[in-house]
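Let's take a walk through this one together. Pull up the sequence and the coordinates, and we'll go from one helix to the next.

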Amino acid sequence: MANAELMAEIIRGDMVESRHTGHAVVVDGNGTVLEAWGNPDEVIFPRSSAKMLQALPLLESGAGDTLSPERLALACASHRGERQHVDRVSDWLDELELTEENLFCGPQASRDRALRHEMIRAGHAPGRVFNNCSGKHTGFLTLAQHLRAGPDYVDPEHPVQKMVRAAFEEMTGEDSPGFGIDGCSAPNFATSLSGLARAMARFAVAGRSSGARDRAASRLRDAMIAHPELVAGTGGACTDLMQAADGKAAVKTGAEGVYVAILPDTCLGVALKISDGATRAAEIAIAALLVRLGAIERDHPVARRHLERPIRNWDGVITGTERAAPGLAG
């Protein structure tokens, strides 16, 4: 089994101060591994990078037939709790005749600084609709209503989660060895990194054949690409990278150093995992791979910002650099 490989490093002075290792894999539309770093068979929890997979039953069932692209993007989102996110999720809940108390994702404060301070001044406590997973959970509720199933939609034995697991295993091409409970209380099914990349490649080629799954996958992918601001938000790496890719990629982060990318023009799927779970390294590595695969130009400001980030001290002095591993960007 291959060891983790260098993905990103931190330079201070003339020395490498820290190194982040991990695993990454690129898979084509036929499910063939084209490139790999480290161990492509490393089994991981994909965390929020799997939200597109979790949203598939919402569309395959017919429950989401009339959902707008904005709502589909939110179903795949790890949003920042900005007004553009919470207002849309709230309207969606209203149409279901539900409230945020029906969400199992837990309360969270807005990550929008101005809105968070406004909430504090107004005595507004953190709410479930502000949770970064509230769009995904509203999608779960939409499916649960369609199925006339019970309200405990995060129970692994609930019809919603059984459908999610089936779609997850079929898209990855693997039986999941098990699940853990995610930060939002939903089960998160494990898979290999190559399985996760295989699923992303299937999203990449969606729209080239017929069938409910093909239509569902293409609608979710296209919604993310059309509305990157809803997938993360202002300053979010997923949003910035998708905007820089200009239609060539759908990009999604997951907690603990996971990232995936869907490249429809080249029919490729990408998945990576940073071994120590560092978000900074995962953002650097996925940016490097997007440049390597031609989804983002190397000289684009977003690419340059991620491939080699200056480190500034409290006085604004540049003291070092965070950068991609040599050769990772091609």
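Start with helix 10, whose buried residues are covered by elements that include helix 8 (212-226), helix 9 (228-231), strand 8 (250-254), strand 9, helix 11 and helix 12 (301-307). Keep in mind that you're looking at a predicted model. Helix 10 itself runs over residues 237-245, and eight of its nine residues are buried, so the rest of the structure largely encloses it. If you want to click through the buried ones, they are A237, C238, T239, D240, L241, M242, A244 and A245. Just after helix 10 comes D246, and its phi is positive, near 55°.

Helix 11, one of the elements covering helix 10, also leads us to the core. In general, nonpolar side chains in soluble globular proteins tend to be buried together. Here, the largest nonpolar core takes in 108 residues, and L53, F203 and L290 are the ones with the most contacts inside it. Helix 11 (residues 279-292) is the biggest giver to this core, supplying 10 residues.

Now zoom in on F203. What does F203 touch, if you ignore neighbours within four places in sequence? Its contacts are M52, L53, L56, M171, A217, L220, R221 and I262. Among these partners is L53, which you've just met as another of the residues with the most contacts in the core.

L53 takes us on to a pair of helices. Two packed helices are described by the angle between their axes and the distance between those axes. For helix 1 (residues 51-60) and helix 6 (residues 159-172), the axes come within 8 Å and cross at roughly 115°. That makes helix 1 roughly perpendicular to helix 6, and the crossing is right-handed. On the helix 1 side the contact is made by L53, Q54, L56, P57 and E60, and on the helix 6 side by M163, V164, A167, F168 and M171. Sort the residues of this contact by class and you get eight nonpolar, one polar and one charged. L53, L56 and M171 all take part here, and F203 is in contact with each of them.

For another pairing, swing over to helix 3 (residues 83-95) and helix 5 (residues 134-147), whose axes come within 10 Å and cross at roughly 15°. That makes helix 3 roughly parallel to helix 5. The crossing of helix 3 and helix 5 is left-handed. From helix 3, V89, W92 and L93 meet S134, G135, T138, G139, L141 and T142 of helix 5. By class, the contact between helix 3 and helix 5 has four nonpolar residues, five polar ones and no charged ones.

T142 gives us a way to the loops: its C-alpha atom is 17 Å from that of C184, with the two positions 42 residues apart along the chain. C184 sits in the loop between strand 5 (179-181) and strand 6 (187-189). Is C184 buried or exposed? C184 is buried, at a relative accessible area of 2%. Beyond its neighbours within four places in sequence, C184 is in contact with F104, C105, C133, K136 and H137.

Finish with T266, in the loop between strand 9 (258-263) and strand 10 (268-274). T266 is partly exposed, with a relative accessible area of 42%. From T266 to V16 the C-alpha atoms are 35 Å apart, and the two residues are 250 apart in sequence.

Technical notes: Residues are numbered from 1 along each chain as its sequence is written. This is a predicted model: local features need pLDDT of at least 70, side-chain atom pairs count only at pLDDT 80 or more; totals for chains, interfaces and linings use all residues. Side-chain values use heavy atoms; hydrogens and water are left out. Axes are lines fitted to C-alpha atoms, for helices over the stretch in contact, and angles run from 0 to 180 degrees between N-to-C directions. Helices (H or I, at least four residues) and strands (E, at least two) are DSSP runs, numbered from the N terminus. Angles under 35 degrees count as roughly parallel, over 145 as roughly antiparallel, 65 to 115 as roughly perpendicular and the rest as oblique. A crossing is left-handed if the near helix is turned anticlockwise from the far one by less than a right angle, and right-handed if clockwise. Contact means heavy atoms within 4.5 Å. Ala, Val, Leu, Ile, Met, Phe, Trp, Tyr, Cys and Pro count as nonpolar, Asp, Glu, Lys and Arg as charged, and the others, Gly among them, as polar. A nonpolar core is a set of buried Ala, Val, Leu, Ile, Met, Phe, Trp, Tyr and Cys residues joined through side-chain atoms within 4.5 Å. Buried means under 20% relative accessible area, exposed over 50%, partly exposed in between (1.4 Å probe, protein chains only).
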